[in-house]
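Here's a quick briefing to read alongside the model. Have the viewer open and follow along topic by topic.

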Amino acid sequence: MQGVTLAAIAEEFGTPLFVYDGQVLSGTLGGLKDVLPTGVDVLYSLKANPNISVCALLNRAGAGAEVSSTVELMTALRAGVDPEDIVFLGPGKTRADLAACLDAGIHAVVCESFAELRMLDAVAAGRGGGPARVLLRVNPAFHSKGSGLAMGGKPRQFGIDEEQVRACRPLLDELHHVEVAGFHAYMGTRFLDHEDIVANTGKILAMAESLAADLGVDLATVDFGGGLGVAYFENEKDLDTDTLGKGLSDPVTAFRDRHPGCRLIMEIGRFLTARAGTYVTRALYVKESLGESFVVADGGTNHHMAAVGIGSFVKRNFPVRHLGRPQARADRSYTITGPLCTPNDTLAKRASLPEVAPGDLLGVERSGAYGPTASPGLFLSHGYPAEILVHQGRARLVRERDTPEDLIARQYLIEFDPVAAR
């Protein structure tokens, strides 16, 4: 990465660890912005990788932020994101979350139920000032295809069913401290076919226009989601972003001609970060069991649960590389496991690699999204790994690994009555 070897990074910071290439992060965002139609704002979805330095680097490269918790909101703000470039969504916001949004003055709260809308109205009423800007998250009546995990178009906890939104004008008339400025829809994740994304975008924009007309809402913002995927597995191909940009041009341009003042938002998470990251783990033992070769490594699914196939019914391997012998012939087959006491702790099954010996470094590629924070890092009390960002040719620590003292410090040992104990 930028002339710095992963072996040198592992030697300096220890293993296991995640390493992110800053050039890939900024280059991926820049390449996407170059092909998207003019006037589409990219917001980085922090859920993919909430590291504050990753967020700051993407913000400097031109991304706003989509957040789903108060801590993610704090992260985005401390990373330097302009509040006007932040939206907050999620189906389970608390009163404290809503208050934090109003305190920060973010662009919009994405409300996912009528009860949430009422709560936000009450919170805003108690604070004075102007109405809180809201996007209604809509669960569309239409379906999508091509996603790894559908998030709309079927019964879901996310958003409000389209037919319910169309009938909500009486409720909006009762609320005096919120202003519906537009709509949000997110159809699913891991889209790899540009045609599916183009079709979804056109349908969402048409739905937003229709809802605005029915409700008498001036369209100020439409967030049409994203869900752009990356190819992890054999027989998958990365999204053709040039063709995607050309495909989006017609529906987006036509919409903007009709609504020149409307802000269009695309949320991007996995697509921006996945290819920038490598999970580096060290082989502790190499063993045979009933004719199968196993590598037992110092990190596994406790740090990288996505590698076991979350969101997929079929377990397939992420790309794995022998970091000490990257050019050697992959003439051996290994199942790579971590240190956990469960057979589910398998990073790769029967992966083709050069010969592996104890002490060798292995890299699980395309690991920049949904790594530590989407994994059971506290299982067996191993704790979370270090995270490194390579920026301007230098490897920088952006998260310390947990120490045993870190893990025990927040626990309390009560005093027991010695007599009662007997």
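Where does S381 lie? Look in the loop between β18 (361-365) and β19 (386-391). Keep in mind that this is a predicted model. The notes below start with the backbone oddities, then move on to strand β12, the cavities and the cysteines.

**Backbone oddities**

- S381 isn't a glycine, yet its phi is positive, near 60°. With 54% relative accessibility, S381 counts as exposed, because the cut-off for that is over 50%.
- Q392 pulls a similar trick: phi is positive here too, about 55°, and again the residue is not a glycine. You'll find Q392 in the loop between β19 and β20 (394-399). Its relative accessibility is 65%, so Q392 is exposed.
- There's a cis peptide bond to look at as well, running from T15 to P16, with omega near -5°. P16 sits in the loop that links α1 (6-13) and β1 (17-21).

**Strand β12 and its partners**

- β12 covers residues 263-268 and is mostly covered itself, with six of its six residues buried.
- Side chains in a regular strand alternate between the two faces of the sheet. In β12, R263, I265 and E267 point one way, while L264, M266 and I268 point the other way, and all are buried. Note that R263 and E267 share their direction with I265.
- One partner of β12 is β2 (residues 40-45): the two pair in the parallel sense over five bridges. In this pairing D41 stands opposite I265.
- β11 also runs parallel to β12, and four bridges join them. Here D223 is the residue opposite I265. To get from β11 to β12, the chain passes through helix α10 (residues 241-258), and this β-α-β crossover is right-handed.

**Cavities**

- How many cavities of 30 Å³ or more does the structure hold? There are three.
- The largest cavity has a volume of about 70 Å³. Its lining is made up of Y186, M187, G188, F191, I197, N200, T201, I204, F224, G225, G226 and M266. Two elements, α9 (194-215) and β11 (221-226), give two or more residues to that lining. α9 supplies the largest share, with four residues.
- M266, one of the residues lining the largest cavity, is also one of the buried residues of β12.
- By character, the lining of the largest cavity splits into seven nonpolar and five polar residues, with no charged ones.
- The second largest cavity encloses about 40 Å³ of space. Its lining includes Y20, A48, N49 and P50, along with S367, G368, A369, Y370, G371, P372 and T373. That lining counts six nonpolar residues, five polar and no charged.

**Cysteines**

- Don't go hunting for disulfides: the count is zero.
- C101 is in no disulfide, because its nearest cysteine sulfur, that of C111, is 9.1 Å away, and a disulfide needs the two sulfur atoms within 2.5 Å. C101 has 2% relative accessibility, so it counts as buried.
- Seen from the other end, C111 is in no disulfide either, and its nearest cysteine sulfur is that of C101. Relative accessibility is 0% for C111, so this cysteine is buried as well.

Terms used:
Residues numbered from 1 in each chain as written. Predicted model: local features only at pLDDT ≥ 70, side-chain atom pairs only at ≥ 80, totals over all residues. Heavy atoms only, no water. 1 Å grid on protein atoms, 1.4 Å probe; cavity = no way out; pocket = protein on both sides within 12 Å on 5 of 7 lines; lining within 4 Å. Points joined across faces, edges and corners; volume = space filled by probe spheres on them. Nonpolar A, V, L, I, M, F, W, Y, C, P; charged D, E, K, R; others polar. Buried < 20%, exposed > 50% of the residue type's maximum accessible area, 1.4 Å probe, protein only. Pairing = 2+ DSSP bridges. Right-handed = clockwise from strand over helix to strand, strands pointing away.
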